Amino acid sequence: MGIHAGTSGTRELCTDTLRCASGSQEDDISRGEMDIVQELAKLPQDIFDNIYSLLPMQDAARAACVSHHFLCSWKHFPRLVFNSSTLGLDKLKLPLDEEVNHFTKIVDHILMNHSGVGVKKLVLQLFLCPSIDASYLDKWLQIAVKPGIENIVLEISSETAYNFPCSLLSNKIAGATIQSLVLSSCAFHPTAALGWNKSLTALSLYMVRITEEELGQFVSNCLSLVKLSLSYCNDVVSFRAPCPLQLEHLHVTFCEKLHVIEISAPKLLYFVFGENLIRISLGVEVKHVRMVGYQQPNLLFHARTMVPIFMPNVERLSLESVGEIKTPLMPSKFIHLKYLDIYIMESFSGYDYFSLISFLGASPSLETFIFRVRRCYAVCHDSTFGDLQSEMHLRQVPECRYDNLKNVTITGASAAKTMIELASHIVQNASALSSMVMDTARGCGRRTGKTNRCSYMSKEALMEANKTVEAVERFIRRNVPSSANFKVLPPCRMCGVI
C-alpha cells in the first residue's frame, strides 16, 4: 500500500493498531466518547491537531477509527512509538515467528500510510525481531525521519546486522532539528561530510559498532551536545576529541577495550565510568563521579587508587561493585568529598567491610556516607552471633576522626563481624553524627515509600536480619552519642512474603 493510500486503507491501519493495542476485535467506542469526538471536531483545525497530538498512540488510533477529523490528523501524528507493548503483542501471546511477522506488518502498514510530515519522535524497539530485513528499517526511517524530527530511538536485536543511514542526520534532513539520538545494536559510521550539528543535545550508543576516529569527530561536530552515553561499544580503544566539548554528562561503561579518555569538557558536571579506564583527562575538575564495575572485582580498590589522582576535586562519589576483598589504606586524600555512596553486590565471601575506613579516613570533608550491600545468602561471613553473651574484640584505628560526618545509612546490614566493626568504629569517631540508620532488609519498599512491594527475603536472610538486630543492640548502641538519632530496622512483616 503506497504512502498516499486512501481513507479506507488508513482507517484499516488504525483499526489494526487499535485491535492490537487493546487485545479487542471490535471498536468499543461509547456514546459518551462519540459525543466528545463530535464536540472536538468543531474546534479550529490547528487547535484540534494540537489536542490530538497529546493522545497516546493507541488512543489516537482508536479515535481515528470513528472520526474523519481524527483520521486526517492521524496521518501526521507526531509521536510514533513501536514496541510489543504499544502494539499490544504482549497480550496476544503469539509464537515468536508469528509475532515478528505481525509486528513487521503492523509497523509497515502504519508508516506506509503516514504522510511523513510532522513526526517529532520515532521509537523503533525491535528486540524481538532478530530476523527483520534491513530493507524494512531503511524504508521506515526514510518515511519518518524528515526535517522537524527531534527524537530518534532505534533499538534492535544484537542478532540483526544493520548499518544506520547516517545521511539522515545531514542538515538537509534531520540534522537541523534532531535533539536526541539513541542507537542500540547497530553500526554507526558518521563521516565528516555531515558537517556541523547545532541541535543534537543527547547521544546514547549501546552495543554500537563505531570507530574511535568516527566517535571523536562526530561529537566534536555536535556543538550543543551535553549528554553522551557509551555502553558496550567494544571497537573503541581510546576516546579523544579534537575540539573542546560542551558535555555536562558523560557516561562510559562496559566498553571493554576503552582504556583512555582524553577530551576537553570544561562544563562537565557528572562523569560515570567503568573499571577498564587507565588514563583519564577531562579538562575540568569534575565534581560528581559514579564508577560502575560489575564485570570484575576490586572496583573499590581501583576507585581508591584512581579517583584522587584523576579527579581530586570530586564532591560526590558513587561506587557500584560486585565482589570485593579488601580496600587498603592509602595516603591519597579526597579533600573535597562530601557525599559517598557505595553499593556492593557480593558474589563470594571474604570482603572486609571494616576496610572501608580507607575511604572515610581519606575524606576530611565527608558529611554523608551511604553503604548498601546485596548478598547472596549462600555467601557466609563470620557472625558475631555466637559471641553475643560475651565481650568481643572489635578492631579500632587510633587517631581516626570524622568531624564532619553527620549522616550514615547502611542498607543490607548483617551480623558479619567486620560489618559490626565498621558501624562501631563510625559511632565512636564521628563527633558530629546526627543520624545513623542500619537497615537489615535488602529492599523494603514500604519503608522507602516508593512502592508497596518488598524485595523477597529468604528464611535464611530473615534469620540473619534478626541476628543483626541483636548484634547491633549488644555491641553498637551503647557507643552511640546521645545527640545522634540511631535506628536499627528489622525487615517488615511483608519482606518474607513472595
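User: Before we look at Arg401, what do buried, partly exposed and exposed mean here?
Analyst: Happy to start there: buried means under 20% relative accessible area, exposed means over 50%, and partly exposed is in between. In this predicted model, Arg401 has 47% relative accessibility, so Arg401 counts as partly exposed.

User: Which residue does Arg401 meet in a salt bridge, and is that partner buried or partly exposed?
Analyst: The side chain of Arg401 meets that of Asp403, with an N to O distance of 4.0 Å. At 45% relative accessibility, Asp403 falls between the two cut-offs, so the partner of Arg401 is partly exposed.

User: Asp341 and Arg372 also meet in a salt bridge; which of the two is buried?
Analyst: Their side chains meet at 3.2 Å, N to O. The pair links distant parts of the chain, with Asp341 in strand 14 and Arg372 in strand 15, 31 residues apart. Arg372 has a relative accessible area of 30% and is partly exposed. The other partner has a relative accessible area of 10%, under the 20% cut-off, so the buried one is Asp341.

User: How far apart are the closest N and O atoms of Glu473 and Arg477?
Analyst: Glu473 is partly exposed at 37% relative accessibility, and Arg477 is partly exposed at 33%. These two form a salt bridge, and their closest N and O atoms are apart by 2.7 Å.

User: Which residues are linked in a network of salt bridges?
Analyst: Side chains of opposite charge can pair when their charged atoms come close. The structure holds 10 salt bridges. The residues linked in a network are Arg240, Glu262 and Arg279.

Note on methods:
Residues are numbered from 1 along each chain as its sequence is written. This is a predicted model: local features need pLDDT of at least 70, side-chain atom pairs count only at pLDDT 80 or more; totals for chains, interfaces and linings use all residues. Side-chain values use heavy atoms; hydrogens and water are left out. Helices (H or I, at least four residues) and strands (E, at least two) are DSSP runs, numbered from the N terminus. Buried means under 20% relative accessible area, exposed over 50%, partly exposed in between (1.4 Å probe, protein chains only).
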